[in-house]
Amino acid sequence: MRENEPVTSATRQPETAAPAVPPRLIATDLDGTLLRDDKSVSPRTVAALAAAEQAGIEVFFVTGRPARWMDVVSDHVHGHGLAICGNGAAVVDLHGGPGAHRFVKVRELARDNALDAVRLLRDAAPGTMYAVEQTYGFHQEPEYPKLHMELPDHLAPAEELLAPDGPGGAEPVLKILAYHPSLDPDAFLTTARLAIGERASVTRSSPSALLEISGPGVSKASTLALCCAERGISHEEVVAFGDMPNDVEMLTWAGRSFAMGNAHPDVVAAASGRTVANNDDGVAVVIERMLAGRP
């Protein structure tokens with residue numbers, strides 16, 4: 001199912017007080033948050049996730065990663081087996097294991113919007129290079145550097161990659177990646193948001209000047225809100241964890257949220273609490289304390 005409608009319930013203001021209600025869902029980012037820097041899940045974190053599920057608290061992995069990169073946590077999927085990938089562009093059932101996942105929900109970036117974003121950002125930040133992320137395919141411009149864990153399916157200018165008759169023309173576009181070799185990452189993000197406006201959602205999760213551009217209104221928060229609504233779970237019953245600007249909306253929306261000790265300053269400002277760094281099992285620390293306080 002494809003969806004791209006705005007979800008107004010995912011824009012709760014950060015000053016709203018979080019009610020003291022028992023958590024029903026944990027939403028955690030992966031890189032820089034749940035995963036250590038070596039991309040492993042520590043035994044302590046594995047045990048904490050299992051204990052949360054055993055206590056009846058659902059765990060959602062909410063990441064900028066594409067579905068095919070979810071093998072790092074495929075051994076730790078419990079219960080529902082769902083993950084939110086591509087910064088909210090897809091909800092994926094991971095039960096099939098690597099390479100056999102099923103897309104439950106897709107919130108695509110319309111090709112016209114993507115082409116507008118490419119054109120506007122080229123004008124605002126000359127030298128920007130692009131890659132295109134689809135449900136199953138990955139394509140990039142020839143000049144785009146090797147930043148990812150795979151070889152592209154096609155090399156061509158972004159305008160050609162995004163054309164209706166281009167590579168993967170029948171496959172939804174989840175997001176485009178925009179890289180600049182010299183701009184400051186936060187300055188590049190601000191420039192892109194001003195240039196692109198409401199044609200797309202722009203964020204970043206990389207320490208480099210690499211932006212992630214999704215459909216209008218698509219974010220980790222808005223897709224998480226959809227998943228919670230389907231389960232009758234309110235934002236007050238959600239505990240969220242993150243470390244980078246692509247987590248800000250989710251941390252603002254959740255009833256309780258924690259910035260990692262290694263988090264970007266914008267994330268620290270958005271979260272209602274803070275935990276230790278990812279390499280010190282910050283997610284597990286909070287889950288253990290949370291479960292210790294349950295009846």
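Two residues are in contact here when heavy atoms of each lie within 4.5 Å. In this predicted model, among the contacts between residues at least 6 apart in sequence, 60% join residues at least 24 apart. The protein has 295 residues, of which 56% are buried, and its secondary structure consists of 9 helices and 14 strands.

The strands can be taken sheet by sheet. Strands of a sheet pair through backbone hydrogen bonds, either parallel or antiparallel. One open sheet holds 8 strands, in the order E5-E4-E3-E2-E1-E12-E13-E14, and its pairing is mixed. Its edges are formed by strand E5 (102–106) and strand E14 (273–274), each of which pairs on one side only. At the E5 edge, strand E4 (residues 90–93) runs antiparallel to E5, and the two are joined over 4 bridges; within this pairing, Val91 has Lys105 of E5 as its bridge partner.

A further open sheet is made of 6 strands in the order E8-E7-E6-E9-E11-E10, again with mixed pairing. Here the edge strands, each pairing on one side only, are strand E8 (154–155) and strand E10 (201–203). Helix H5 (residues 185–196) packs on this sheet, where it touches E9, E10 and E11, and its direction makes about 175 degrees with that of E10. Two of the strands that H5 touches, E9 (residues 173–179) and E11 (residues 210–214), pair with each other in the antiparallel sense over 4 bridges, and in that pairing Ala178 stands opposite Leu211 of E11.

Returning to the sheet of 8 strands, one finds helix H2 lying across E1 and E2, at about 130 degrees to E2. The 12 residues of H2 (residues 43–54) should span 16 Å at 1.5 Å a residue, and this expectation agrees with the separation of its end C-alpha atoms, which are 16 Å apart. Within H2, the residues Thr45, Ala48, Leu49, Ala52 and Glu53 are buried. Because these residues cover an arc of only 135 degrees around the axis, they fall on the same side of H2. The cover over them includes strand E1 (25–28), helix H1 (30–34), strand E2 (58–62) and helix H9 (282–292), whereas the face of H2 turned away from the buried side carries the exposed residues Pro43 and Gln54. After H2 comes Gly56, whose phi is positive, near 90 degrees.

Helix H1, one of the elements that cover the buried residues of H2, contains Thr33. Thr33 counts as buried because its relative accessibility is 1%, against a limit of under 20% for that class. The side chain of Thr33 makes a polar contact of 2.8 Å with the side chain of Asp29. Leaving aside residues up to four places away in sequence, Thr33 touches Thr28, Phe241, Gly242, Asp243, Met260, Asn278 and Val283.

Helix H9 also belongs to the cover of H2, and the segment after H9 is where Gly293 is placed. In contrast to Thr33, which is buried at 1%, Gly293 has a relative accessible area of 63% and is therefore exposed, since that class begins over 50%. Gly293 and Pro22 are separated by 271 residues in sequence, yet their C-alpha atoms are 9.7 Å apart in space.

Key:
Residues are numbered from 1 along each chain as its sequence is written. This is a predicted model: local features need pLDDT of at least 70, side-chain atom pairs count only at pLDDT 80 or more; totals for chains, interfaces and linings use all residues. Side-chain values use heavy atoms; hydrogens and water are left out. The expected span of a helix is 1.5 Å times one less than its number of residues. Buried means under 20% relative accessible area, exposed over 50%, partly exposed in between (1.4 Å probe, protein chains only). The arc is that of the directions from the helix axis to the C-beta atoms. A polar contact is a pair of N or O atoms within 3.5 Å; within protein, one must be able to donate a hydrogen and the other to accept it, and residues adjacent in sequence count only if both atoms are side-chain atoms. Two strands pair if DSSP finds at least two bridges between them. Axes are lines fitted to C-alpha atoms, for helices over the stretch in contact, and angles run from 0 to 180 degrees between N-to-C directions.
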